[in-house]
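Open the model in a viewer and keep the sequence panel in view. The tour below goes from one selection to the next and says what is found at each stop.

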Amino acid sequence: MPTVYASTLIPASVERVWTTVRDFNALPSWHPLIAQSRIEGYRPADQVGCIRAFRLKDGGFIREQLLSISDLKHSLTYSILESPMSVRDYLATIRLMPVTDTNSTVVEWGAEFSCPVDQAATLVELVEQGVFQGGLTALKQRFGG
């Protein structure tokens with residue numbers, strides 16, 4: 001089962017960064033690959049079980065379900081329900097940790113999934129660098145980093 005991981009240091013407090021990240025429907029506001037997003041069934045974007053359906057700028061369509069969210073731990077976990085990528089059992093977590101001496105935030109984004117063996121290296125590279133690190137770089141820039 002492949003695993004992917006990316007992280008960054010953002011020059012903003014964990015509370016400021018968490019306000020953006022915890023909104024499960026806010027990807028288009030900070031991730032450069034996402035064109036539009038909506039929460040199905042008009043449920044709150046922080047309600048466990050809600051499903052976000054979004055379009056990528058290249059036209060791809062993805063549906064993900066929020067599995068857990070913790071304001072205390074500054075983390076959320078979600079799964080992919082539908083995707084143009086050939087992944088199964090995809091489970092991802094975004095976690096924020098304060099850096100107290102600089103009032104900054106470490107953001108970690110990791111996932112594991114199943115996929116065809118011959119596509120594993122390509123999918124790991126795509127998710128880790130394109131999706132995760134690309135998103136984290138944009139998030140960092142949003143906060144002046």
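Start with strand β7 (residues 104-114), where nine of the 11 residues are buried, so the strand is largely enclosed by the rest of the structure. Buried here means under 20% relative accessible area, exposed means over 50%, and partly exposed lies in between, with a 1.4 Å probe and protein chains only. Helices (H or I, at least four residues) and strands (E, at least two) are DSSP runs, numbered from the N terminus. This is a predicted model, in which local features need pLDDT of at least 70 and side-chain atom pairs count only at pLDDT 80 or more, while totals for chains, interfaces and linings use all residues. Residues are numbered from 1 along each chain as its sequence is written, and side-chain values use heavy atoms, with hydrogens and water left out.

**Neighbours of β7**

Add strand β1 (residues 3-10), which pairs with β7 in the antiparallel sense over eight bridges. Two strands pair if DSSP finds at least two bridges between them. Then add strand β6 (residues 88-99), which runs antiparallel to β7 and is joined to it by 10 bridges. Now pick W109 in β7: A6 is its bridge partner, and I94 also stands opposite W109.

Follow the chain from β6 to β7 through a hairpin with four residues between the strands. Select N103 in this loop; its phi is near 50°, a positive value in a residue other than glycine. N103 counts as exposed at 51% relative accessibility.

**Aromatic pairs**

Show the side chains of Phe, Tyr and Trp. Their rings (for Trp, the six-membered ring) pair if the centres lie within 6.5 Å; planes under 30 degrees apart count as stacked, over 60 as edge-to-face and the rest as tilted. The structure holds five aromatic pairs. One of them is F24 with Y78, a tilted pair at 6.1 Å centre to centre and 55° between the planes. This pair links distant parts of the chain: F24 is in the loop between α1 (14-21) and α2 (27-30), and Y78 is in strand β5 (residues 75-82), 54 residues apart. F24 is buried, with a relative accessible area of 1%, and Y78 is buried too, at 2%.

Return to W109 and add W30. These two form another tilted pair, 6.0 Å centre to centre with 50° between the planes. W30 lies in helix α2 and W109 in β7, so the pair ties together parts that are 79 residues apart in sequence. Both W30 and W109 are buried.

Go back to F24 and Y78 and add Y90 and F113: the four form one aromatic cluster. Next, select R52. A charge sits over a ring if NZ of Lys or CZ of Arg is within 6 Å of the ring centre and within 35 degrees of the ring normal. R52 lies over the face of F24, at 3.8 Å from the ring centre, and its charged end also sits over the ring of Y78, 5.1 Å from the centre.

**Cavity and pocket**

Which residues line the largest cavity? Select V21, D23, F24, A26, L27, W30, R52, L76 and I94. On a 1 Å grid over the protein atoms alone, a cavity is a set of points where a 1.4 Å probe fits but cannot get out, and a pocket is an open set with protein on both sides within 12 Å along at least five of seven lines; lining residues have an atom within 4 Å of a point. Grid points are joined across faces, edges and corners, and a volume is the space filled by probe spheres set on the points. The structure holds one cavity of 30 Å³ or more, and the largest has a volume of about 60 Å³. Its lining has seven nonpolar, no polar and two charged residues. In these classes, Ala, Val, Leu, Ile, Met, Phe, Trp, Tyr, Cys and Pro count as nonpolar, Asp, Glu, Lys and Arg as charged, and the others, Gly among them, as polar.

For the largest pocket, select L33, I34, L56, I62 and V131, which lie nearest its centre among 20 lining residues. The elements that give two or more residues to this lining are β3 (51-56), β4 (61-70), β5 and α3 (120-142). The pocket holds about 310 Å³ of space.

**Last stop**

Finish at Y42, in the loop between β2 (34-39) and β3. Its phi is near 55°, and Y42 is exposed, with a relative accessible area of 83%.
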